[in-house]
Amino acid sequence: MPADPTRSRVTIALLVVPGLAVIAFSLIVPLGLSVYYSFTDSAGFGEFQNVGFDNYKTILTDDPEFWRSLRNVMLLIVATIFIQNPIAFVLAAVLSRLSARLSQILRTIYFVPAVLSLVIVAKLWVDVFNPTFGILNKLLRAVGLDAIAMSWLSDPRTALPAVIWIILWQGFGWAVFFFYAGLMTVPRDLEEAARVDGASWFQVYVRVIIPYLFPVLSTVVVIDVISSMKQMELIYLTTAGAPGQLTQFLSVYLYQKAFVAGEYGYGNALSVLFVVISVGFTLVVQRVMRARLR
Amino acid sequence: MTPRARRHVASRRVGMAALHVVLVFFALSQLFPLLWVLLYSLQKSGDLFGDALLSLPHDPQWANYTRAFTEGGMVSYGLNSLIIVTISTALSTVFSFCMGYAVARMTWRLKRLAFAAITLGMVVPIHATLLPNFLWYNLFGLIDTRIGLIIPYVAFTLSFNTLIYIGHFQNLPNALEEAALLDGASWPRILWSVVAPLARPATVTVAVMTSLTNWNEFIMANTYLASDELRTLPFSIIRFQGLYSSDYATQFACMLIVAVPALALYLFFSKHIMAGATAGAVKE
Amino acid sequence: MKTTAFLVFALAICPVIRPVLRADAQPKVTMKMGDNLPDRNNTWGAINEQINNEFKAAHPGTEIVTESYLDQPYQQKIKIYATAKQLPEVFKYWSFTSLLKPLINGGFVAPLDRADYEGLGYLPGALDSNTYGGKLYGIPVSADTWVIYYNKKLFKDAGIDKLPTTLDELYALVPKFKAKGIIPMTTDGKDAWPLSITFDLLTWRIAGERGLPAKALDRKIKFTDAPFVQAAHELQQLVKSGLFQEDLMVSDYGAARNLFGQGKAAMYLMGSWELGLGADKGFSAEFRDNVDAFKFPTLKNGKGNADDLMAWFGGNYVISAATKNMALDKQYLQFYAKRFPEIAWEKQVTLPAQTVKARPNDTVVAKTILKIVSEAKATSGTPANDLSTPRFKDDNENAIRELCSGLITPEVFVKKLDAAAEKAAAAKK
């Protein structure tokens, strides 16, 4: 063993090379090709020409749909972090205090939507939100709230909240799962010491457990940001950006440009910007989390 | 009991009752889609998307399920899914465990670069990689092979998983590892006997995330596979997709069948979350 | 851990090695095909299976392997295959400019000999729709025309005894159906193309002149001209009037079709390929016995008449330019061209691009479609949506969605269309 075993080059290489090789092979190479295509007017096949920074210029200065889709993604991120996460955390905390049997049953039930394919989730909510036949409006009409029985997914006022709701709902099971796994790593004696000191449950969680779980929480936030950026199927299968572009999200826009509109070069420029923005968000989040830790 | 204590007890009881109501409410809302899919899968296709509101169809089409099995290629697709998902989950878990540990615990100069690569790997959108990877994998003859699907399945889950491990390792006290190192244990032994058991909640999280993500994955499978012999379970529904009229009910039956092993997998792994709970305690 | 890693690695390469080691009995020729018909047991997919089996019997030693996906994933796969130079040798595609022209320009599809297909009963304009630069590149399989299907029983129940011949008469039906809790008309609003086709039709009905959208795309006239503006008003009015299902813009193809088939809607605005509604066992017998069709109405002050038909030839079959079995593939196409119209009409799957004889046990709606087509005085050709670049199609569909969601005015709509047409024309240079 060398002087400091945590510096063992051989061990580090063995640990790191396989994973990095896979990442390089399957992600970095296509990213590089993506960058290459982003400087062309390729349609995805056939001939194409180099157009320099034209695609980027258009996106940043002449593409309101891009900015709208970015704005919607940010709204989704905010909703995920400040609505979905707190509820999921509280539920996970409650679950962690229940008996093992009850906790296991409830945890399995809460996770059910997460194992269903996104096609089911999308079709389900389109069905529920159907203005004429959907359950939601039927319930609202039954209690006399006809006035707000609207066409949730096609009305410009409610389409975006409805889509965001569907995404939050679907990710809920995962969030509870993550938080629960995190809570399980909290050492019992840490909790007990705080309780013995006479702290209420609320104080135990806020003063002791949450700070302890900070690395887990920041991981969850980063995952929230990235998966919000990558949200595609649920939106595509429900509104596909409609009405107009009100519910357009970045990944859907990217897909439509690259594969539906045949603007492959432009779509790749969007991808590159997507990567840049995502990395930017991630760095910001990590910096904020690190600062709060102090 | 003093009136004050009585009030305290009463308010606790109300609180507990309210809590149980909330839990049950959430449970119902999470079970609702399962019920919805089940009821719809028993309808006749033409009756869907209309007024069929969560009511038991008077003529449940159990034939939809038999058809899903016989014509949906469940057995062959299921086997492929099993092979591909198991191998990609195993590889992704192992690789991310190793990388996560190296980044969190080891000291090396290129750590920042590696972490940057991992972060980059996390944000690449799948659709942007489809055409380039098709051309690139084609050079190695990986198109229309199982391994050609396993590699991207590992790649796209590696970064998230590594992040989870890093977050977990950062909270783990070094004491046990340092003790083992002092005792002269080799790295493989340390990782396998000391670190891995401590990392069980993270491993469970990673395994569940990876396997479920890849179990339902369709876009990459659609792009990189061509032969019917290699197709995975998400393809089982396309046999029932027609040009104008689709057999939606049987598609739903397929999706429900596909969801069952996923739920079983979750059950299997989630039992192991409890095991890590006591492992955090180290007697100083 | 090393042993585990090795085991995992060994397991991983097994599936790769096994097929290499196996010595298969190879058939003489394997034809790789592609189409957008994943369901091989019903309707069109079943017809393809039947034709393939007949072809294999006639050419022993031939194996046919078909890759099928729905429209969207199918188009993407074809594009990827084109780039990777791995196209199927014979595949179903579309004759539309927006889809076929790029393949032709890239040299991906082989020109065909027109003489091989004369005398096979193709409807006028069918082979032309697949001709670019004077050469034939594909054979059309289906004739598509735009009609309104309706449910006779629902009309009777609402006390309507006359089919609407003008738009005003159509609007008059709306309150009558709504009083009975019936949706007057459904169509696929989520995919904007049905509404775009309707826009083309309205333009024709207003101006009485054929081919205006094509002229606008050629920049001989502008989309901001009067007929288009008025058509946009009419289209927006159609949606605003409550004629369609309430969530039209997120209601997809399957939902619209099912609403009609379940008797929840009285009319269905769609193409002639839905003539199979009369035979679809997924719907009730009562529905099947009552479904029929009528021509799209005229406008009161419009110059067009009801026999100006939106008609085009959408689906076709093409041969990859890089195929190694050119002779066999051509034989397949000719075989397909002979067998498809017979079987397709017998099974009431779609209207073939070749003339078919009406049979005594044709469904009512199928007979009506044949009649509508035979009475056509003029046909439109490919709709504007597919007559230009993929980018134009995207812009057009987005604009249509915005117009029909009430987010933009007709004036803004035609301006957007014109800008998109200008861009497309510039790109062609």
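Helices (H or I, at least four residues) and strands (E, at least two) are taken as DSSP runs and are numbered from the N terminus. The structure is a predicted model, in which local features need pLDDT of at least 70, side-chain atom pairs count only at pLDDT 80 or more, and totals for chains, interfaces and linings use all residues. Residues are numbered from 1 along each chain as its sequence is written, while chains are lettered from A and ligands numbered from 1 in the order in which they are written.

The model scores ipTM 0.88 and pTM 0.88. For chain C the average pLDDT (the predictor's confidence in each residue, from 0 to 100) is 91, and 93% of the residues score at least 70.

In chain A, the loop between α11 and α12 contains Ala240(A). This residue is not a glycine, yet Ala240(A) has a positive phi of about 55°. Ala240(A) counts as buried because it has 20 C-beta neighbours inside 10 Å; a residue is buried if 20 or more other C-beta atoms lie within 10 Å of its own, exposed if 12 or fewer, and partly exposed in between, with C-beta atoms placed from the backbone. The loop between α11 (233-238) and α12 (250-260) of chain A also holds Pro243(A). A cis peptide bond, with omega about -10°, joins Ala242(A) to Pro243(A). Most residues other than glycine have a negative phi, and most peptide bonds are trans.

Helix α12(A) is mostly covered, with 10 of its 11 residues buried. Among the buried residues of α12(A) are Leu250(A), Tyr253(A), Lys257(A) and Phe259(A). Just after α12(A), Gly262(A) takes a positive phi of about 70°.

A positive phi also appears in chain C, where Gln348(C), not a glycine, has a value of about 55°. Gln348(C) lies in the loop between α12 (326-346) and α13 (364-374) of chain C. Gln348(C) counts as buried because 21 C-beta neighbours lie inside 10 Å.

The largest nonpolar core (a set of buried Ala, Val, Leu, Ile, Met, Phe, Trp, Tyr and Cys residues joined through C-beta atoms within 7 Å) has 283 residues, of which Val176(A) and Tyr149(C) touch the most other members. Helix α7 (residues 159-183) of chain A gives the most to this core, with 17 residues. Contact between two residues is taken to mean that their C-beta atoms, placed from the backbone, lie within 7 Å. Not counting residues up to four places away in sequence, Val176(A) touches Ala88(A), Leu91(A), Ala92(A) and Tyr110(A).

Tyr149(C) belongs to those residues that point one way from strand β7(C), together with Thr145(C), Val147(C) and Asn151(C), while Asp144(C), Trp146(C), Ile148(C) and Tyr150(C) point the other way. In a regular strand the side chains alternate between the two faces of the sheet. Strand β7 (residues 144-151) of chain C is mostly covered, and 8 of its 8 residues are buried.

Strands are treated as paired if DSSP finds at least two bridges between them. β7(C) runs antiparallel to strand β9 (residues 265-271) of chain C, to which 5 bridges join it; here Val147(C) has Met270(C) as its bridge partner. Strand β10 (residues 291-294) of chain C pairs with β7(C) in the antiparallel sense over 4 bridges, and Asp292(C) in β10(C) stands opposite Tyr150(C). A further 2 bridges join β7(C) to strand β12 (residues 311-312) of chain C, again antiparallel, with Trp312(C) as the bridge partner of Asp144(C).

The domain assignment (bounds come from an automatic or database assignment) divides chain C into domain 1 (29-143 + 313-356) and domain 2 (145-311 + 379-428). The centres of domain 1 and domain 2 of chain C, taken over C-alpha atoms, are separated by 28 Å. Their contact takes 12 residues from domain 1 of chain C and 17 residues from domain 2 of chain C. The side of domain 1 of chain C that touches domain 2 of chain C has 4 nonpolar, 8 polar and no charged residues. In these classes Ala, Val, Leu, Ile, Met, Phe, Trp, Tyr, Cys and Pro count as nonpolar, Asp, Glu, Lys and Arg as charged, and the others, Gly among them, as polar.

Between chains, 38 residues of chain B are in contact with 36 residues of chain C. On the side of chain B that touches chain C, α3(B) gives the most, with 5 residues. The residues of this side of chain B divide into 21 nonpolar, 11 polar and 6 charged.
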